[in-house]
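Me: I would like a close look at one part of this protein, the buried arginines in one of its strands. Please set the scene with the whole chain, then go residue by residue.

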Amino acid sequence: MEVDKIPQRKRVKVPVPKVSEVLTASAPDVETEEQQKAKKALALAEKMTAVVKFMDFPRGFYGKEQLGYFSQFGKVKRVRMVCNKRSARPSGISFVEFDDRGVAEIVCETMNGYLMFEKVIKAKQLRRKDLPKCMLKKGGARLPPPPKRYANSRKHARLANADKSAEKVKKAQGILQKKLAKKNEEFEKSGIKYKFEFGAKKTEASD
């Protein structure tokens with residue numbers, strides 16, 4: 001009498017992890033000091049400040065007027081206007097720092113889109129990473145004296161009329177050539193039959 005043979009099971013080798021692998025997998029990631037510093041710096045840069053940037057202020061609404069107007073919301077620490085370097089005229093952009101971030105948020109919501117003397121004011125509360133150099137410095141006067149008009153006009157005129165070196169002339173020509181090439185591409189795409197020729201000599205029309 002024949003007896004059926006029982007099939008033998010194949011042995012499967014189960015990989016056993018090493019002790020070092022188990023320890024590294026279970027242990028939490030430990031941040032280095034440099035990573036912690038970078039993380040703190042990033043969080044600080046993303047943090048909202050009490051500085052509000054205003055744009056498109058009407059003419060005549062300068063630093064003194066801004067200080068008096070925004071004091072109704074709360075204490076104003078500093079007012080800094082952006083002026084033209086040559087003429088020293090205000091450009092309509094100002095940075096106002098308040099004593100409290102909550103006040104700055106209220107001012108931003110209130111003044112953004114506010115109509116003042118036919119000018120629509122734009123307001124934006126800045127993060128620390130977006131602060132200009134004038135607002136990064138601590139302390140200083142609440143309202144510095146306005147710059148003298150045309151104080152730097154002579155300096156700019158002297159620099160503009162000074163003899164340029166060959167290197168500066170070559171650099172300026174390269175920039176101009178790139179601009180003209182870009183314009184030629186725009187004309188070609190628009191179907192305009194015109195082309196700027198850089199360095200082309202003018203020919204006198206014959207009578």
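Reply: Among contacts in the chain between residues at least 6 apart in sequence, 67% join residues at least 24 apart. That figure, like the others here, comes from a predicted model. The chain has 207 residues, and 20% of them count as buried. About 18,200 Å² of the chain is exposed, with carbon and sulfur atoms supplying 54% of that area. Seven helices and five strands make up the secondary structure. Read from the N terminus, the order of elements is α-α-β-α-β-β-α-β-β-α-α-α.

Now to the strand. Strand 2 covers residues 76-83, and Arg-78 sits in it. Arg-80 is in strand 2 as well.

Take Arg-78 to begin with. Its relative accessible area is 6%, so Arg-78 counts as buried. What does its side chain meet? One partner is the side chain of Glu-97, in a polar contact of 2.7 Å. A backbone atom also comes into play: the oxygen of Met-135 is 3.1 Å from a polar atom of the Arg-78 side chain. Setting aside residues up to four places away in sequence, Arg-78 touches Phe-95, Val-96 and Glu-97. It also touches Cys-134, Met-135, Lys-137, Gly-139, Ala-141 and Arg-142.

Next, Arg-80. Arg-80 is buried too, yet has no salt bridge. Which side chain of opposite charge is nearest to Arg-80? It is Glu-97, and the distance is 7.4 Å. A salt bridge needs a side-chain nitrogen of Lys or Arg within 4 Å of a carboxyl oxygen of Asp or Glu, so Arg-80 has none with Glu-97. The Arg-80 side chain does reach a backbone oxygen, that of Arg-142, at 3.5 Å.

The contacts of Arg-80 can be read in sequence order, leaving aside neighbours within four places. They begin with Ile-93, Ser-94 and Phe-95. Cys-134 and Met-135 follow. Then come Gly-139, Gly-140, Ala-141, Arg-142, Leu-143 and Pro-144.

Put the two arginines side by side. Phe-95 is in contact with Arg-78 and with Arg-80. Cys-134, Met-135, Gly-139, Ala-141 and Arg-142 are also on the list for Arg-78 and on that for Arg-80. Glu-97 has a polar contact with the side chain of Arg-78, whereas for Arg-80 the Glu-97 side chain is 7.4 Å away.

For contrast, look at some residues outside this strand. Glu-46 lies in helix 2, residues 33-46. With a relative accessible area of 33%, Glu-46 is partly exposed. Beyond its neighbours within four places in sequence, Glu-46 is in contact with Arg-127 and Lys-129. Glu-46 and Leu-126 are 80 residues apart in sequence, but their C-alpha atoms are 9.4 Å apart in space.

Last, the loop between strand 4 (114-116) and strand 5 (119-127), where Phe-117 lies. Glu-118 is found in the loop between strand 4 and strand 5 too. Phe-117 is exposed, with a relative accessible area of 71%. Glu-118 is exposed as well, at 78%. Most residues other than glycine have a negative phi. Phe-117 has a positive phi, near 50°. Glu-118 has a positive phi too, near 60°.

Definitions and conventions:
Residues numbered from 1 in each chain as written. Predicted model: local features only at pLDDT ≥ 70, side-chain atom pairs only at ≥ 80, totals over all residues. Heavy atoms only, no water. Helix = DSSP H or I, 4+ residues; strand = E, 2+ residues; numbered from the N terminus. Buried < 20%, exposed > 50% of the residue type's maximum accessible area, 1.4 Å probe, protein only. Polar contact = N/O pair within 3.5 Å; in protein donor to acceptor, adjacent residues only side chain to side chain. Contact = heavy atoms within 4.5 Å. Areas by Shrake-Rupley, 256 points an atom, 1.4 Å probe, with all protein chains shown as cover. Lys, Arg positive; Asp, Glu negative; His and termini not counted.
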